[in-house]
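Reader: I am new to reading protein structures. Please take me through one part slowly: the big sheet and what packs on it.

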Amino acid sequence: MPSEFTDELVEIEKLAANYLNIDSIDTGKGSNVKFLDNGYLLCLPRTKGDSRYVYGDDGFNFWIHASGYMYANEGLYSLFMRRKEGDEPVISFFAGLPNKDGKTFTRISLLPVPVIEESDALIKRRYTIMNNSAAYFFTEFSSIKSVVRVSVDKSNKMIFSIRIENIDKETVSLYTSSYFKPFCRYDIYESDEDRWFSETILDDSADDNGDFSAGTLEVAQDEDRFHSSTYYAVLRGKYSPGSGITFINRDTNTSRQNFVGNSQRNLGTSIALKEGKFPKDKSLTTFTDIAVLSDLNTFRIEAASTLRLDYTYQIAPNIQTRDSVAKTPLNPKEIDNNIGLTTEKNRTMLSSLNGNISGINSSVKINENYFNQFFDHLKYQVSVCGLLKGYMQLELRSLIGIRDVFQALEGLQYYRTEESRSKMIEALSFTIPTGRCIRQYSLPPKGAKAGRADLRPFIDQGVWVITTIHSYLQNTGDKDFLETEVGYHDIIDEGSETILPSDKSDSVLMHIFRIMDYLNENRDHENTKLLLALYGDWNDALDGLGIANDPAKDYGTGVSIMATLQYYQNCLEMINVLKSFYPGKYEDKINQYKSTADSLAENLIKYAVLSDDNGNKRIVHGWGDERSYFVGSFNDPDGVARDGLTSYAFWIISGMLEKTPELEQTILDAFERMQSKYGLMTFNPAFPKGTEGVGRIPKLPPGTAENGATYIHATLFAIWAYFKMGQPKKAWDEIEKILPFTDLHDHYTHSPYVMPNSYVYNAEKGLDGESMNDWQTGSSNVLLKILLWYVFGYQPDFGGIHIQPASWTPFRESNFTTYSRGKSIEIIYKKSNSANERTFSLNEQPPTTGEYSAALKVNYCFIPYNELKNNNTIVVSDPA
């Protein structure tokens, strides 16, 4: 067999060898995951939760779980339907060893699912290894070592390679079996009618080169009353003939019921796998049964010999392509080369932004090796979130969120700049001509003019757009982006959330002008002059503030302080953009935004900061209609004093602390009141059931999600604020709590190498450190930006770069590399016993001390872009 697969496995097994003879390992404990070298992750069996990785390009998501579950979608188009715990898998591989009776076989799953208890005694060891190129499922049973490698190529073709090694001294007879249950339609739910419009064809032929006859899938789906489409897919298979391998027989099947035996059985109790043959000849299935593609191949493997099989599954745009692909033999060498190409592609994709630390303080419970590897997985996670095509969770409302995608793009633009630019243009085209940014959009399915939309008017959508574009322009200086023409969408029916492309279009600059106008129009001009909450803000579980006391009105005068602070920040950002790119041209706009910022600042101080009789102060999250009640105040609707994390955090992030330095201690005190085991809580205390005026948040159990738990996205806003107000030690204390791979997370339920969205805690309800979700969460991009700006100390501005590592770090050295406007930047940070003060040196020039930042409480250095060479090294030295 080709040596590339074998050599690859030798390397991987060598990396994992030290950890394979123990039941649990020291990372994440409950998650049972170990960071190996070269980006590999060892996933041992776990009793609670699951780890997963996502593969594919350009919004294609092939999810592979360490448990063996797999499913795939590209936007609404679902190739393989999502599996949840306890479900029957839709992709499976099996082996069968003959029993002594000569008639039956012991069924063995080559993946951890489905569970087949009869083979438990034969299974010596199972484990999964993943990186960002492929997943490897290792199973050792009887005298056999098997590996299933799963990957995706650059065209999003799904590839499965199986290696079965006989380590015995005797010849072994066995069968292998593959099972694919495709879906391939624009939908997120299965129905009994799906089988009516699906057809699979597969015969049992195999040629002398080991190539199996290809299986095909055809699915018909109506788009509306007048239009329908047909979708095609091809499954190819091959075994590699070689010394010590004898191919005996091949049996194929296209019916799920024929595979399992009857409607009461499942894959784990399959009669065909028990008997080593399919009961009936089913080379075509449609209408009356669930169409699948499966086979059963019998081999003899001599001692010390290895069998290899490969399968590929791919979508075909038309019947001609389907037939052409079906006739093309598989080439295992090309398949192996694809792993190298994918690895190189990912390395190149992520290599323009690199960072690592060394010499971490022993008092900090963060393993620096894990941290450095985690940084690469974090970049990959932000890429997934920034370039998604929607339906990542395969739920009805799992569309492309404007706030979500723009936050992700603010991080992604540092290392995938062109793709971020394109995605911003796509998302901006879903702006309504009034300047309203809809909450979520989706890309149109085949043949449709528009996809699903979420038109609930959460007021904060546009504020993220302005901030991300401002950040992108600081980083790139891309004036052409501002002048790029972009379309709009019109709302056809608000009630049914129907939108269509508009006939209007203009520049990106005009879009952000309109967005700013929309925000300005939705201020409470008659009263507080602050931004109305409407349906809600970033904390979308707190969706009651905008409800009107008058039932005849859609929305009242309830206000979001968090969103108002962001809008205040937007005014300053717009002034920066116009002065930098259009000096002297938009003075009326600059004056307007300055006036608005002044008004917002004045009224934030007047209305958002409350005092009690003892002079204590709180920055409220917001209030209801006519200021009839407050949230995050001394007396919330349930009669208790409460703190809300994000209003305090954005008081700092927005720059409002510069106008109110006397509130610094108030904010620090509030953060202390929101401390918890797993990090700062979004609200403390939680809202009890029945709390009026706040929306759906009290329906969440206390200590979960946004309701009195560590909702990590919000926690990171506060960590960002800690850094920005010169409190890095406090920031790192919180980072240590939220990183999912530290020893704190004994009960973590997801993937500890990417950011989750929350940690729950409620001892009374038995909740302790579990998480709702991973991968698709804004916590990833906020953490990435914090690491760039304050840990590695890299923050671009319009005229140059601020070099500003925080005044305290838990490590002695760091190294960071990136590109700024086509020029290479390396920032080396080190602590020196001989240093008396912080110094900066650019390209071996004499060191300088920089300037003092009163906010950061440390010196920083500003380097104009015109002083940079093609390759630049900046050394920052601090006293040890």
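Author: Start with one term: contact means heavy atoms within 4.5 Å. Angles between elements compare N-to-C directions and run from 0 to 180 degrees. Keep in mind that this is a predicted model.

Now the sheet. Eleven strands form an open sheet, and their pairing is antiparallel. Read across in this order: β1-β2-β9-β10-β11-β12-β21-β17-β16-β15-β19. At the edges sit β1 and β19 (284-286), each of which pairs on one side only. On average, neighbouring strands of this sheet are turned by 15° against each other, with direction ignored.

Look at the β1 edge. Three bridges join β1 to β2, and these strands run antiparallel. One pair to find is phenylalanine 35 with leucine 41, its bridge partner in β2. Between β1 (33-35) and β2 (41-43) is a loop that holds asparagine 38. Asparagine 38 has a phi near 60°, a positive value in a residue other than glycine. Is asparagine 38 buried or exposed? Exposed means over 50% relative accessible area. Asparagine 38 has 57%, so asparagine 38 is exposed.

Next, the helices. Helix α4 (residues 319-326) lies across β16 (215-222), β17 (228-239) and β21 (306-316). Helix α4 runs at about 5° to β17. Helix α5 (residues 332-351) also packs on the sheet. Which strands does α5 touch? They are β10 (134-141), β11 (144-152), β12 (158-166), β17 and β21. The direction of α5 makes about 65° with that of β11. Both helices reach β17 and β21.

Follow the chain into β9 (123-130), a strand of this sheet. The loop between β8 (105-109) and β9 holds proline 114. A cis peptide bond joins valine 113 to proline 114, with omega about 0°.

Last, go to β15 (198-201), the strand beside β19 in the order. The loop between β14 (185-186) and β15 holds tryptophan 196. Partly exposed lies between the cut-offs of 20% and 50% relative accessible area. Tryptophan 196 has 39%, so tryptophan 196 counts as partly exposed. Trp196 forms a nonpolar patch on the surface with Phe197 and Phe287. Together the three have about 320 Å² of accessible area.

Note on methods: Residues are numbered from 1 along each chain as its sequence is written. This is a predicted model: local features need pLDDT of at least 70, side-chain atom pairs count only at pLDDT 80 or more; totals for chains, interfaces and linings use all residues. Side-chain values use heavy atoms; hydrogens and water are left out. Helices (H or I, at least four residues) and strands (E, at least two) are DSSP runs, numbered from the N terminus. Buried means under 20% relative accessible area, exposed over 50%, partly exposed in between (1.4 Å probe, protein chains only). Patches are made of residues with over 30% relative accessible area and no salt bridge: like charges are joined within 9 Å, nonpolar side chains (Val, Leu, Ile, Met, Phe, Trp, Tyr) within 5 Å. Accessible areas come from the Shrake-Rupley method with a 1.4 Å probe; for residues, only the protein chains shown count as cover. A salt bridge is a side-chain nitrogen of Lys or Arg within 4 Å of a carboxyl oxygen of Asp or Glu. Two strands pair if DSSP finds at least two bridges between them.
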